[in-house]
Amino acid sequence: MPPGMTGNAPEPKPWIAAIAPYVPGRATADDGRKVIKLSSNENPLGTPEAAREAYRSAATELERYPDAGATALRAKLAAHYGIEADRIVYGTGSDEVLHLAAGAFAGVGDEIIHVRYGFAVYEIATRRVGAVPVIAADRDYATDVDAILAAVTERTRVVFVANPNNPTGTYTAREEIARLHAGLPKTVLLVLDQAYTEYLEPEDDDGALELARTESNVLVTRTFSKIFGLAAERVGWGYGAPAIIDAMHRIRAPFSFGIGAQRAAIAALDAHDFITASREHNRQWRGWFEREIAGLANHGLRAVPSKANFVMVLFEGALTAEAAYQALMAAGYATRWLPGQGLAHGLRITIGAEEEMRAVMAVLRAEVARAG
């Protein structure tokens, strides 16, 4: 009998069976009610109107395959960010690009490092190729460069670091990113996941694109799902050295997203007023929310300092994260409770519209009072 078969049915490889499937943020309550979704870090201001119009323009071409090389999008990205178009790979969201990095550079028995409280896709991408996930300890929920470097062995092939980090929102300074890269062997691919980078202030640039431009072992990944308001269209991309990109192109799907998605992404890059408004709204209401949570510190609530478009709220008193999650859901607000990622004591809460943030705080204050 061939390997991997039993008398009854095919069997998945053991590393596939070990994967805990990704669980997306909820948009409905247990009883099917539609709730306000503060669980997936979507843009509360919506989508740039120019991007919507660009998407609609593809309605007469639904019978056509999209450009398999995403030529127009890569050219626009290159001009927008001052990078080389032939060093860009694209995928179905940055999720696919992360999977491509693991698939091109790691395999059975290799090791891939990610931080504790890191993005759930890192472990899925690692196990999918038969590699072993190695979890580096955090430093108060933030990336600990020394812990990552201490975890490196001769079997390490990839290191995943999100900056800002998801789900904690923490930020690693440019100097620390440079120190991490300098401490890694040249044979190890450093993947800097920048899904939330557009929410940073200009002075918080972590230097990732420059590292990817000048170094042979750095890949930067980005997405249009967050500040650009195109989560539905699943447009992601990566930038790195030619050899890295060449390897990833060899295993990527030929058609990752449609004609309308590509046109919408191109238009979104020029939506400067929308991007500025989104960043300013996020800055204002993230700061407000963190200050409001700080006012409940005596009741055991703490906000992990965030540079992203969400806040991780820790519940370390009488009110538990699970009770807060259920109360918010009952009030019509879905947040992200992550016991499967070791965060049973925390809720990741997307920064929504003003009225949504005020309503969330009202529920949390009421629940704190009820818990005593």
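**Reading strands, rings and empty space**

Modeller: Let's start with two strands: β14 and β15 run antiparallel, and 3 bridges join them. Keep in mind as we go that this is a predicted model.

Colleague: Okay! Which residue in β15 is the bridge partner of Leu 338?

Modeller: That's Leu 343. The two strands, β14 and β15, make a hairpin, with 4 residues between them. Have a look at Gly 342 in the turn, where phi is positive, at about 80 degrees.

Colleague: And what else does β15 pair with?

Modeller: With strand β12, residues 310–315; that pairing is antiparallel too, over 5 bridges. To find your place there, look for Leu 314, which stands opposite Gly 346 of β15.

Colleague: How do I picture the side chains along a strand?

Modeller: In a regular strand, they alternate between the two faces of the sheet. As for cover, β15 spans residues 343–350, and 6 of its 8 residues are buried, so you can call it mostly covered.

Colleague: Now rings. How do I describe two aromatic rings together?

Modeller: You give the distance of the centres and the angle of the planes. This structure has 10 aromatic pairs. One of them is Tyr 117 with Tyr 141: the centres are 5.2 Å apart and the planes sit at 25 degrees, so we call the pair stacked.

Colleague: Where do those two tyrosines sit in the chain?

Modeller: Tyr 117 is in the loop between β3 (111–115) and α5 (120–128), while Tyr 141 is in the loop between β5 (138–139) and β6 (142–143). The pair therefore ties together parts that are 24 residues apart in sequence.

Colleague: Is Tyr 117 buried or exposed?

Modeller: Tyr 117 is buried, with a relative accessible area of 13%. Tyr 141 is buried as well, at 11%. For another geometry, try Phe 119 and Tyr 122: they are edge-to-face, with 5.6 Å from centre to centre and 85 degrees between the planes. Both of those residues are buried, and ring pairs link them with Phe 160 into a cluster.

Colleague: Which charged residue sits over the ring of Phe 310?

Modeller: Arg 348, with its charged end 5.5 Å from the ring centre. Elsewhere, Lys 307 lies over the face of Tyr 171, at 5.7 Å from the centre of that ring.

Colleague: Last topic: how does anyone find empty space in a protein?

Modeller: You roll a probe the size of a water molecule over the atoms, and that shows where space is left. Here, a search of the whole structure turns up 2 cavities of 30 Å³ or more. The largest cavity has a volume of about 60 Å³, and its lining includes Phe 119, Leu 338 and Arg 348. That lining has 5 nonpolar, 3 polar and 2 charged residues.

Colleague: What about the second largest cavity?

Modeller: Its volume is about 40 Å³. Among the residues lining the second largest cavity are Asn 43, Tyr 199 and His 281, and the split is 4 nonpolar, 5 polar and no charged.

Colleague: And how many residues line the largest pocket?

Modeller: There are 29, with Pro 21, Ala 120, Leu 338, Gly 340 and Gln 341 nearest its centre. The elements giving two or more residues to this lining are β3, α5 and β14; α5 gives the most, with 4. The largest pocket holds about 580 Å³ of space, and its lining divides into 17 nonpolar, 7 polar and 5 charged residues.

Definitions and conventions:
Residues numbered from 1 in each chain as written. Predicted model: local features only at pLDDT ≥ 70, side-chain atom pairs only at ≥ 80, totals over all residues. Heavy atoms only, no water. Phe/Tyr/Trp six-rings, centres within 6.5 Å; stacked < 30°, edge-to-face > 60°. Buried < 20%, exposed > 50% of the residue type's maximum accessible area, 1.4 Å probe, protein only. Lys NZ or Arg CZ within 6 Å of the ring centre and 35° of its normal. 1 Å grid on protein atoms, 1.4 Å probe; cavity = no way out; pocket = protein on both sides within 12 Å on 5 of 7 lines; lining within 4 Å. Points joined across faces, edges and corners; volume = space filled by probe spheres on them. Nonpolar A, V, L, I, M, F, W, Y, C, P; charged D, E, K, R; others polar. Pairing = 2+ DSSP bridges.
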